[in-house]
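Please work through the exercises below with the sequence and the coordinates at hand, and try each task before reading its solution.

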Amino acid sequence: LLNEIKENRNNSKLNALNTVGYKELFNYLNKQTSLNDAIEEIKRNTRKFAKRQMTWFKKDKEINWFKEPTLEEVHGFIKEKC
């Protein structure tokens, strides 16, 4: 990832590169933070992003969540819905 970011250093303002991992390592390359701090920030921001995603998905009533499903359970669910 770091090599990819070095290659895209001039594109750091693009919205597509303003994502977890990229922005923290751009800060590292711009000497705004250390590599260790950037890595810790990536970990923290990844957890926050995952939590926001789960919150968003849980609001969608059309999503069916399975806890350790069997193949038969999933197959039955699909057959019922189709």
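The exercises that follow deal with the core, the helices, the loops and the surface.

The model is a predicted one, in which local features need pLDDT of at least 70 and side-chain atom pairs count only at pLDDT 80 or more, while totals for chains, interfaces and linings use all residues. Residues are numbered from 1 along each chain as its sequence is written, and side-chain values use heavy atoms, with hydrogens and water left out.

**Exercise 1. The core**

Task: Determine which residues form the largest nonpolar core, and which elements give two or more residues to this core.

Solution: Begin with the criterion, by which a nonpolar core is a set of buried Ala, Val, Leu, Ile, Met, Phe, Trp, Tyr and Cys residues joined through side-chain atoms within 4.5 Å. Here buried stands for under 20% relative accessible area, exposed for over 50%, and partly exposed for the range in between, with a 1.4 Å probe and protein chains only. The largest such core has eight residues, namely Ile-5, Leu-17, Tyr-22, Leu-25, Phe-26, Leu-29, Ala-38 and Ile-42. Next, assign elements, where helices (H or I, at least four residues) and strands (E, at least two) are DSSP runs numbered from the N terminus. Helix H2 (22-29) and helix H3 (35-59) are the elements that give two or more residues to this core, and H2 supplies the largest share, four residues.

**Exercise 2. Two core residues and their contacts**

Task: Find what Leu-17 and Leu-29 are in contact with, leaving aside neighbours within four places in sequence.

Solution: Contact is taken as heavy atoms within 4.5 Å. With neighbours within four places in sequence left aside, Leu-17 is in contact with Asn-8, Asn-11, Tyr-22, Lys-23 and Phe-26. Turning to Leu-29, which is found in helix H2, the same exclusion of neighbours within four places leaves contacts with Leu-2, Ile-5, Lys-6 and Arg-9. Leu-29 counts as buried because its relative accessible area is 11%. As a distance check, the C-alpha atoms of Leu-29 and Glu-62 are separated by 43 Å, the two residues being 33 residues apart along the chain.

**Exercise 3. Helix H3**

Task: Compare the reach of H3 with its expected span, and identify which of its residues are buried.

Solution: The expected span of a helix is 1.5 Å times one less than its number of residues. H3 has 25 residues and reaches 36 Å from its first C-alpha to its last, which is close to the 36 Å expected at 1.5 Å a residue. Its buried residues are Ala-38, Ile-42 and Asn-45, and what covers the buried residues of H3 includes H2. Asn-45 is classed as buried because its relative accessible area is 15%; outside its neighbours within four places in sequence, Asn-45 is in contact with Val-20 and Glu-24.

**Exercise 4. The salt bridge**

Task: State how many salt bridges a search of the whole structure finds, and describe the partners.

Solution: A salt bridge is a side-chain nitrogen of Lys or Arg within 4 Å of a carboxyl oxygen of Asp or Glu. The search of the whole structure finds one, formed by Glu-40 with Lys-43, whose closest N and O atoms are 3.4 Å apart. Because they are three residues apart in helix H3, Glu-40 and Lys-43 are separated by about one helical turn. Glu-40 is partly exposed, at a relative accessible area of 44%, and Lys-43 is likewise partly exposed, at 42%.

**Exercise 5. Loop residues**

Task: Locate Lys-31, Glu-68 and Thr-33, and describe the backbone of Lys-31 and of Glu-68.

Solution: Lys-31 is found in the loop between H2 and H3 and, although not a glycine, has a positive phi of about 60 degrees; at 75% relative accessibility, Lys-31 is exposed. Glu-68 lies in the loop between H3 and helix H4 (71-81), and here too a residue that is not a glycine has a positive phi, of about 45 degrees. Glu-68 counts as exposed, with 77% relative accessibility. Thr-33 has its place in the loop between H2 and H3 and is partly exposed, with a relative accessible area of 22%. Not counting residues up to four places away in sequence, Thr-33 touches Glu-24, Asn-27, Tyr-28 and Ala-38.
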